[in-house]
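This report follows a few side-chain contacts and one sheet through the structure shown below.

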Amino acid sequence: MSNNYRKIDISGLTEIGSGATSIVYKLTEDKIIKVYNFWMKFDEILREYNTSKAVYEKGVPSPKPYEVVEVTTEDKESRYGVIYELIEADTLADIIGNNPDTLKEHAIKCAHMLLDLHKIQYNEGELPDCRNTWWDMCREGLVKYISSKQESELELLLKNIPVHNTFIHGDFYPRNIMMRGSKMLLIDVGEASIGHPFFDLASIYMSCVILPKRSVAGHLSKSTMTRQMWEDFYGYFMDIYLDEYLRGRGDDSREEVESVISLFGNLRYIMTYSLIPGRSKEERIEIIEPIISSICDNRIRVEEQGVLM
């Protein structure tokens, strides 16, 4: 490990959260430290920090990132971490789950929030291109379970999406939104990028429709929202978002737009599923094959519709 970063011993710190790549500890009264798993590459950690910084400095409501640090644990194992501002707040998912009568109100607020976020533009190179981010994820996992022809079709699908400099959160849904009073704050912005708004809408579709429908382990148990509440949230959210999005879009119909969102939402799902540990190759192929076949069969139709322009 490099000696260029400040060293912090996290022995005795209280764990307050965890995810697929990290564990979060309370560092001080106003700061947390996100400690990455030992297998996380330093370049990926540094990229997440720089992205979080670029997002925060653009005025996106999100925790302030302070610095990258070298971390030592009780077992003397060294890792890297990032220090962030501590957000003392509840997730929107928990608020909705505990107060179901607020679901529609919060779904509408989230739609307006994302519409505002999608007005934010970055210069080329300030954030990663979401098309490349998704393709990198595909190459890391998904392409191991599909044919070379399907791989080529998938690459064409992503590469042919027109360039957009729009801010993309990448995982915008109620569990990644914190409520501080009436103010909504975004967390997990380290994977933010630029691209077509449909990349965010696809992630919302995956989180609110696909994962609850498939009863994916951990998704429903991590909040008090039920499957029906997730679906209702998505419906109210999309009513507002698409009403605004389709204004001035000429011949684009809501049905066409929603079919494309569904297609990319399913792609996002199998991209993620291909990377989840603990699944056999046979299990992965059983889930992935029918979905990737449908995506490839519909690639030309999606491009000819022009919805992604």
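In this predicted model, the charged end of Lys 58 sits over the ring of Tyr 122, and a like arrangement is found where the charged end of Lys 31 sits over the ring of Tyr 66. The distances from the charged end to the ring centre are listed here.

| Charged residue | Ring | Distance to ring centre |
|---|---|---|
| Lys 58 | Tyr 122 | 4.8 Å |
| Lys 31 | Tyr 66 | 4.5 Å |

Rings also meet one another, and the structure holds 15 aromatic pairs. In one of them, formed by Phe 172 and Phe 237, the ring centres are 6.3 Å apart and the planes stand at 45°, so the pair counts as tilted. This pair links distant parts of the chain, given that Phe 172 belongs to the loop between strand S8 (167-168) and S9 while Phe 237 lies in helix H7 (residues 227-245), 65 residues apart. Both Phe 172 and Phe 237 are buried, and ring pairs join them with Phe 198, Phe 233, Tyr 241 and Tyr 245 into a cluster.

Turning to the sheet, three strands in the order S7-S9-S10 form an open sheet with antiparallel pairing. Strands S7 (90-91) and S10 (183-186) stand at its edges with a single partner strand each, so one side of each has no neighbour in the sheet. Strand S9 (residues 177-180) pairs with S10 in the antiparallel sense over four bridges, and Ile 177 has Leu 186 in S10 as its bridge partner. Helix H3 (residues 103-117) packs on this sheet, where the helix touches S9 and S10 and its direction makes about 55° with that of S10.

Conventions:
Residues numbered from 1 in each chain as written. Predicted model: local features only at pLDDT ≥ 70, side-chain atom pairs only at ≥ 80, totals over all residues. Heavy atoms only, no water. Pairing = 2+ DSSP bridges. Helix = DSSP H or I, 4+ residues; strand = E, 2+ residues; numbered from the N terminus. Contact = heavy atoms within 4.5 Å. Axes fitted to C-alpha atoms, helices over the stretch in contact; angles between N-to-C directions. Phe/Tyr/Trp six-rings, centres within 6.5 Å; stacked < 30°, edge-to-face > 60°. Buried < 20%, exposed > 50% of the residue type's maximum accessible area, 1.4 Å probe, protein only. Lys NZ or Arg CZ within 6 Å of the ring centre and 35° of its normal.
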